Amino acid sequence: FMQLKNTDGQNTATILLNSSKDPIFQRFSLMHELGHIVSYDFGSNNKIYNCAHIRYTLNYISDDICEKNKELYEEQKANIFALELLMPRKKFYEVCQEKNSIIEIAKVFGVAKEAVESRLKLLIN
C-alpha cells in the first residue's frame, strides 16, 4: 500500500509493506511503489495506490491501450522501474551469460523467476 498526498504544501509519501508476504515479493513491491513516487506529480490531488499483487508481466502495453487506460499505464511504468532498478541492464547481461537457468539468475538478483522472465521480455522488445 502506498499513499501520496499534498497537504498544506507538504509533500508526503508513505509505503506500507505486508510483512506476511515473501521478502522477494516485498522487495519488488517496494521498488514498484518507489516507481510510482518518482513519476508522481505532487501538485495533483491526493492519490492512493494499492498493490495487492504483482503482475510481473506488465512490462509492455501498446500505446493505444495506454492512451485509453492511464492507471494501467502508471502500473506499467512502475513495473519497468522496478525491473530495471533490481536488474540493471549491464549486470543482467553479465549474469545471464554466467548462469544456466532463470532460477539461478533470480537468486542472484533476489527476485522471482517471473520477474527475470519479464526483464528478458522487456529487453527483447
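Here is a short conversation about the predicted model shown above.

Visitor: Before we start, what should I know about how this model was treated?
Guide: Happy to say: it is a predicted model, where local features need pLDDT of at least 70, side-chain atom pairs count only at pLDDT 80 or more, and totals for chains, interfaces and linings use all residues. Residues are numbered from 1 along each chain as its sequence is written, and side-chain values use heavy atoms, with hydrogens and water left out.

Visitor: In what order do the elements of the protein chain run from the N terminus on?
Guide: Helices (H or I, at least four residues) and strands (E, at least two) are DSSP runs, numbered from the N terminus. The protein chain has 6 helices and 3 strands. Their order is β-β-α-β-α-α-α-α-α.

Visitor: What percentage of the 125 residues counts as buried?
Guide: Buried means under 20% relative accessible area, exposed over 50%, and partly exposed in between, with a 1.4 Å probe and protein chains only. By that rule, the buried share of the 125 residues in the protein chain is 34%.
The contacts (heavy atoms within 4.5 Å) can be described too: among those with a separation of 6 or more, residues 24 or more positions apart account for 60%.

Visitor: What span should helix 1 have, given its 16 residues?
Guide: The expected span is 1.5 Å times one less than the number of residues. Helix 1 covers residues 23–38, and its end C-alpha atoms are 22 Å apart, which agrees with the expected 22 Å.

Visitor: Which residue caps the N-terminal end of helix 1?
Guide: Look for a polar contact, meaning a pair of N or O atoms within 3.5 Å; within protein, one must be able to donate a hydrogen and the other to accept it, and residues adjacent in sequence count only if both atoms are side-chain atoms. Here a side-chain oxygen lies 2.6 Å from the backbone nitrogen of Ile24, and that oxygen belongs to Asp22.

Visitor: Which residue offers its backbone oxygen to the side chain of Gln26?
Guide: Gln26 lies in helix 1 and is one of the buried residues there. Not counting residues up to four places away in sequence, Gln26 touches Leu17, Asn18, Ser19 and Lys21. The backbone oxygen 3.3 Å from a polar atom of the Gln26 side chain is that of Asn18.

Visitor: Is Leu30 buried or partly exposed?
Guide: Leu30 is also in helix 1, where it touches Ile15 and Leu17, not counting residues up to four places away in sequence. The C-alpha atoms of Leu30 and Leu17 are separated by 7.3 Å, although the two are 13 residues apart along the chain. With a relative accessible area of 28%, Leu30 is partly exposed.

Visitor: Which elements give two or more residues to the largest nonpolar core?
Guide: A nonpolar core is a set of buried Ala, Val, Leu, Ile, Met, Phe, Trp, Tyr and Cys residues joined through side-chain atoms within 4.5 Å. Of the 17 residues in the largest one, Met87, Phe92, Phe109, Val111 and Val116 touch the most other members. The elements are helix 1, helix 3 (70–86), helix 4 (89–98), helix 5 (102–109) and helix 6 (113–124).

Visitor: How are the rings of Phe92 and Phe109 arranged?
Guide: Rings of Phe, Tyr and Trp (its six-membered ring) pair if their centres lie within 6.5 Å; planes under 30 degrees apart count as stacked, over 60 as edge-to-face and the rest as tilted. The structure holds 1 aromatic pair. With ring centres 5.9 Å apart and planes at 40°, Phe92 and Phe109 are tilted.

Visitor: Which charged residue sits over the ring of Phe92?
Guide: A charge sits over a ring if NZ of Lys or CZ of Arg is within 6 Å of the ring centre and within 35 degrees of the ring normal. Phe92 is buried, at 0% relative accessibility. The charged end 5.9 Å from its ring centre belongs to Arg119.
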